[in-house]
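Here is a briefing on one protein model. Keep the sequence and the 3D view open while reading.

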Amino acid sequence: VVWQIRPQADALYPSELEPWSRHLTGKAGVAPNPMWDPLQFMIDECHKRGMELHAWLNPYRVTTSPNEELPKNHIYYQHPERFVSYDRKLYFDPGLPENRDFIEQVVGDIISRYDVDAIHMDDYFYPYPVAGKDFPDSLSYEKYGNGMNRGDWRRQNVDMLIEGLHKVISEKKPWIRLGISPFGIWRNKANDPKGSDTNGLENYDALYADVLLWSEKGWVDYMLPQLYWSLEHKRASAEKLAYWWNENANGRHMYFGQDLKVTMDTHDINRSSNPTQLAHKIALSRELPNVQGNCWWPGYMITSNYKGCADSLASNQQFSIALVPNYPWIDNIAPDTVSGLKLAKKDGQSNVSWSAPSSDDVMQQAHAYVVYVFKKGENQDLENSSAIKAVTYVPEYSFPAKTKGKFIVIVTTLDRANNESIGSKPLKVNL
């Protein structure tokens, strides 16, 4: 789950650095009553379901309209000189080192206090351009530009933020990933031979986000480009962009951001019997060797089962449990496996428990477990994803009520970088 915890220099968690978000209570700076911690709740609930929680932050945005009132404890009132107004909205000035330091401090605070699996940022770096208006950073450019081209200087500012975040995360908790969900076009081929065969707004030139550099330098762990168009879109074909991003993964993970409404509303021209492009887009992503998966946006399209998208995924394309791919550049050593599998039955409930492997190396410690269940006589193949019955963050698994039969249970360990151990000694169970 990719969940927004800092939409606009605020917090959906208790913070001493930034005020409570208006998106939680309706008014900025007002704490929930009764007090609770939404971020900890999300982490707990995701991990209960064997899912990761990626904490999504917006780096520079402070307000989204001229009518918003900031609470008195907002950093804007302490340092108004560090902010600029553009299109009647307030932003941190990305050209100021003290603003980069502050954003790094916010991320450092989050990862120090919470067991998030990743820090995530999307396409909002320098704001989307407004015709006839240039971003008002002349003062910081005059102070720090050193004669650079203004566009190059702006890109360098964002580069330094991403590099700084990578350093903060690596030093504090190196297993936490840094992911970026950029606008779907890096550059158009008409402006750069390395660009895609598209004709739309560009990360590099409009948002000053040289996202390819970040994966080339190893500052990010995954890219999740927003391929929010139809496969045949004239100016920004999602199919052409899928091939382009696959070729520019730079050895880091690549996931495709999919707009579910566009996907479910668009007929599949190339496969005329299909009224949506869902199956085609998934098949395309699975054919590309450098693509590890898809991200469905927005989440409530899944939970509301828009035009049957959740039914289709559950019945067809994603009917088995998926493991998050491992991150070998963070750590490539598989952990030890679990031991002591045992079955206990009580009040009609059958539970399997085990002992975690011990390790002094935090990267090799058990972070989660994968439970494989095979019918008696079935090939015990751990590459068979349909045998995965659960990913659990606690050392136990409960069979669904009224399960009957003879089974073989095998458990593996997942470490912080999602390396998977060999299978445990099989446990025979008779339910």
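In which sense do β5 and β6 pair, and over how many bridges? The two strands run parallel and share 4 bridges. The model is predicted. The points below cover its sheets, one helix, its cores and its salt bridges.

**Parallel sheet**
- An open sheet of 7 strands has the order β1-β2-β5-β6-β7-β8-β9, with parallel pairing.
- β1 and β9 (293–297) are the edge strands; each has a single partner, so one side of each lacks a neighbour in the sheet.
- Strand β2 (residues 54–57) pairs with strand β5 (residues 118–121) in the parallel sense, over 3 bridges.
- Trp56 stands opposite His120 of β5.
- On the β5–β6 side, Ile119 has Leu178 of β6 as its bridge partner.
- β6 is joined to strand β7 (residues 222–223) by 2 bridges, again in parallel.
- Here Gly179 has Tyr222 in β7 as its bridge partner.
- Strand β6 (residues 177–180) is covered on both faces. Arg177 and Gly179 are buried on one side, Leu178 and Ile180 on the other.
- In a regular strand, side chains alternate between the two faces of the sheet.

**Antiparallel sheet**
- An open sheet of 4 strands follows the order β13-β12-β15-β16, and its pairing is antiparallel.
- Its edge strands, β13 (388–392) and β16 (427–430), each pair on one side only.
- From one strand to the next, the twist averages 25°.
- Strand β15 (residues 406–414) meets β16 over 4 antiparallel bridges.
- Lys406 stands opposite Asn430 in β16.

**Helix α2**
- Helix α2 spans residues 38–48, and its buried residues are Pro38, Leu39, Met42, Ile43, Glu45, Cys46 and His47.
- These buried residues pack against β1 (2–6), α1 (22–25) and α4 (97–113).
- At the start of α2, a side-chain oxygen of Asp37 comes within 3.1 Å of the backbone nitrogen of Leu39.
- Gly50 follows α2 and has a positive phi, near 70°.

**Nonpolar cores**
- The largest nonpolar core holds 79 residues. Leu39, Val116, Ile119 and Trp214 have the most contacts inside it.
- Helix α6 (residues 150–172) gives this core its largest share, 7 residues.
- Another core, of 16 residues, lies apart from it; among its members are Leu341, Val373, Tyr397 and Phe407.
- Beyond its neighbours within four places in sequence, Leu39 contacts Trp3, Ile5, Leu12, Tyr13, Leu53, Ile110, Tyr114 and Val116.

**Salt bridges**
- The structure holds 19 salt bridges.
- Arg22 bridges to Glu68, with the closest N and O atoms 3.3 Å apart.
- This pair links distant parts of the chain: Arg22 sits in helix α1, while Glu68 sits in the loop between β2 and α3 (75–78), 46 residues apart.
- Arg22 is partly exposed, at 29% relative accessible area.
- Asp152 and Arg155 form a salt bridge at 2.9 Å, N to O.
- Both lie in helix α6, 3 residues apart, about one turn of the helix.
- Why does Arg155 count as buried? Its relative accessibility is 10%, and the cut-off for buried is under 20%.
- Asp152 is partly exposed, because its relative accessible area is 35%, which lies between the 20% and 50% limits.
- Asp192 and Arg187 also meet in a salt bridge, 3.2 Å from N to O. Both residues are buried.
- Asp134, Asp137, Arg150 and Arg154 are joined into one network by salt bridges that share partners.

How values were computed:
Residues numbered from 1 in each chain as written. Predicted model: local features only at pLDDT ≥ 70, side-chain atom pairs only at ≥ 80, totals over all residues. Heavy atoms only, no water. Buried < 20%, exposed > 50% of the residue type's maximum accessible area, 1.4 Å probe, protein only. Contact = heavy atoms within 4.5 Å. Polar contact = N/O pair within 3.5 Å; in protein donor to acceptor, adjacent residues only side chain to side chain. Pairing = 2+ DSSP bridges. Axes fitted to C-alpha atoms, helices over the stretch in contact; angles between N-to-C directions. Core = buried A, V, L, I, M, F, W, Y, C linked by side-chain atoms within 4.5 Å. Salt bridge = Lys/Arg side-chain N within 4 Å of Asp/Glu carboxyl O.
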